[in-house]
Amino acid sequence: MTVSWSGSRLAKSLLIALICLVFIAPILIGLIGTWLPALGYLPGLNSNYDSSRYLSLDAMAQVFAHPSTVASLKLSVGSALSATFIAFVLSQWLCLNLYRSALWGVLKHSIAPLLAIPHLAFSVGLVFLISPSGWLMRLVSPVLTGMSIPPDWLIVNDTYAASLTLGLVLKETPFFLLMSLSALSRFEHQKTLQIAASLGYSHPVAWQKLIFPQMYPQLRLPMLAVLSYSLSVIDISLVLGPNAPATFAVLVNQWFGHSDLNFRYLGAAGASLLLLLVLMFILLLYIIEVFLKKATKSWLVAGAKDLAKEVVSQWMAKVTLFFMLLVSVGCMAGLLVWSFSQRWRFPDALPELYSLKYWQKSGLQLLEPLQNTAIIGISSALIAVLICIALLQWQSKVQLGSAKPGFKKSLLWLIYVPMLVPQVSFLFGVQVLMVRLNLDGQLLSVIWIHLLFVMPYAYLTLAQVYLRFDERYLQQASILCQSKWRAFIYVKLPMLFKPIAFSFAVAFAVSVAQYLPTLYIGAGRVNTITLESVVLAGGSDARVSAVFALWQFILPLIVYVAALVIPQICFRNRREL
Amino acid sequence: MKKNTDKSFRLDNLQLSVDGQTLFLPVSFQILAGELLVVMGPSGCGKSSLLSAIAGALPSAIKMTGELILANKSLNLLPIERRGIGLQYQQDLLFPHLNVAGNLLFALPRGDKGKRATAVEAALESANMQGFGERDVATLSGGQRARISLLRTLLARPKLLLLDEPFSRLDDELRQDFRLFVFAQIKRMKIPAILVSHDRQDCPNKEYYALSLGKMVALGDNNNPF
């Protein structure tokens, strides 16, 4: 279906307006609500504050004067940059080396389960694996280490944030792999590689010169999203990151929660500083890109046809993939064993006594958080998927496929905004607004704030398949049943049921994992499994932590399995669906 | 077709099978330098698989027996990048991150900068596209893209050219132009070429073969080469 030029222009404007309203407006309000206190203006608290400081940078000066700030910033920047860089390079190296190996299928199939493990549950599992009293140490003790008590080593919560970096790398590499596979599917990569090979280029060189440059534009935004997430993540930092000083996002969160209300100004200034850091890194990446583009221009066409040795790097890539899978399985297995253990002394490799006690004990305690998590997750995922379907239907109708690349790019940036802006940089402002409107601590408000973070993921998982749908099916169906709505409901939706269900599952998983939005907008009155898990992760009883972390994993797992199984049952006799 | 010469391509008893099922009966033929063999046949008869087998890009599920000889050398054990074969698909597959000159330079072996630039200029001139070097490939018309794509393939100086329905995406007028351009380039380069096609118009002479009902048969009024 085509629309007139002016109609198309109107539709585009309306589309941008809708996206702005849904994705951008809450963030903008939140940012303003954070910037104003950062500049010394916070109605309600200002009675305690020197009025000469209104609209000044005093709060920012206080942030830099704080003894922990510089060290915290170093830790945050160091861990975020290294985690993003390592995960990105690792994902590309795995793609390059495993593409032609038999493990390419294993890699493709292992991404979904690796992504399904929530960051927090994974982090708790990693603690059980690598800590001095963890499974790895138990497996080699006392035979290899001679230790009968856990060593006094600071592995987890180390002062260099190495374990935090490791956790982030292990969790973000599968995300980059998923994005890379999606980027690969957008062009004829297989034939491109064949053309390059026929021109005499070895596989690694062809990948570096032709495949990566074509993939990169699709990976830029995910990379920035990972960087922003790593810079501002709080729940994982609390579990794996250093304590004194903590990472900067944790420090900002501590200021926001300080009993002295004047620390809110510090918190707001710190949150704004975090946003500035993200913006600075976006600019830095742009400069690096421009530089690399210029620097590699002649190398790309220099005709270098070095036939690199692939055997060693292919073998190393296989080992790395095996290691990644092993660590993930080890983390989850560790959680499972701990959750059923009654007595597990160091250095025993397995518990001495098993029990269901901790699962049973957690039942009553978990009922409310589980209920809340499920309600918030299902509601936000459902609303997000419905809005995404509406948006995508509109997009396919106005034929944005033929729109200018610049427009499509800006659309994608708008959708990515909630993933690029650090949560702590605007949630305080939203919280202030919610308090003013008497909406804080309510289930509906939490569903709304989750919606904001869930929507980009729902959109990104669904968009590609949805926009590729052959509209002629719909035209044919509309003619046959003489109703566009019936054609849409009885033909298009069933044909797209599988990706819609998957998009719902991803959205649900994203909602379950939300920590900071639930904490700020729930105001302590809306308790979810993730909030409980963070509190218990720092507790002394590993068994209780394991049960809660596993519940955080089980809920999205159930939805993922349902999203895979239900379409298969519905269309069990339909090979093409 | 005539007897073997240095630049010819020969295929001896080539047979492809998937899970023990043969795609077509053993095929043998020889193509001399500057000659074009057109292969036709219904969808799924194995035309593209035949080209993939020659290029060395067969999916692992398809098993090949038989011998591939190019310029008196066996290709069987060589990987695709060492076979010296030019590939041309339906899609032009121009690299979007490189400009026109970049796409052409990509195909040239490493060497003197000036000589490489001259080779690119000469190639563009042969396609009446002088001054197009700095253009973004996205700004080219369908016909121009097709020509640049072929020039890129030929600049690598392949010893055999494989064309997998390269005209099928072009409209009638462009198709005829590009067809003549391809035939002229094959003659000029004096290399053997194989063209997979659905269109009898794609035959420059009356020599063409069809993969049909599992075996290759010669059509037209040429002498049977088998």
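Colleague: In this predicted model, what does helix 1 of chain B lie across?

Modeller: Helix 1 of chain B, residues 47-55, lies across strand 1 (9-18), strand 2 and strand 4 of chain B. The helix runs at about 120° to strand 1 of chain B.

Colleague: In which order do the four strands of chain B form their open sheet?

Modeller: The order is 2-1-4-5, and the pairing is antiparallel.

Colleague: Why is one side of strand 2 and of strand 5 of chain B left without a neighbour in the sheet?

Modeller: Strand 2 (21-31) and strand 5 (73-74) stand at the edges and have a single partner strand each, so one side of each is free of a neighbour in the sheet.

Colleague: How do you know that strand 4 and strand 5 of chain B pair?

Modeller: Pairing requires at least two bridges. Two bridges join strand 4 (residues 62-70) to strand 5 of chain B, so the two strands count as a pair. Opposite B:K73 of strand 5 stands B:L70.

Colleague: Why are helix 14 and helix 24 of chain A called oblique to each other?

Modeller: The axes of helix 14 (residues 311-340) and helix 24 (residues 542-570) of chain A cross at roughly 125° and come within 8 Å. Perpendicular covers 65 to 115 degrees and antiparallel begins over 145; the two helices are therefore oblique. Helix 14 of chain A passes helix 24 of chain A in a left-handed crossing.

Colleague: Which residues make the contact of helix 14 with helix 24 of chain A?

Modeller: Among them are A:M332, A:L335 and A:W338 of helix 14 and A:R543, A:V547 and A:F553 of helix 24. By class, this contact has ten nonpolar, one polar and one charged residues.

Notes. Residues are numbered from 1 along each chain as its sequence is written. Chains are lettered from A and ligands numbered from 1 in the order in which they are written. This is a predicted model: local features need pLDDT of at least 70, side-chain atom pairs count only at pLDDT 80 or more; totals for chains, interfaces and linings use all residues. Side-chain values use heavy atoms; hydrogens and water are left out. Axes are lines fitted to C-alpha atoms, for helices over the stretch in contact, and angles run from 0 to 180 degrees between N-to-C directions. Angles under 35 degrees count as roughly parallel, over 145 as roughly antiparallel, 65 to 115 as roughly perpendicular and the rest as oblique. A crossing is left-handed if the near helix is turned anticlockwise from the far one by less than a right angle, and right-handed if clockwise. Contact means heavy atoms within 4.5 Å. Ala, Val, Leu, Ile, Met, Phe, Trp, Tyr, Cys and Pro count as nonpolar, Asp, Glu, Lys and Arg as charged, and the others, Gly among them, as polar.
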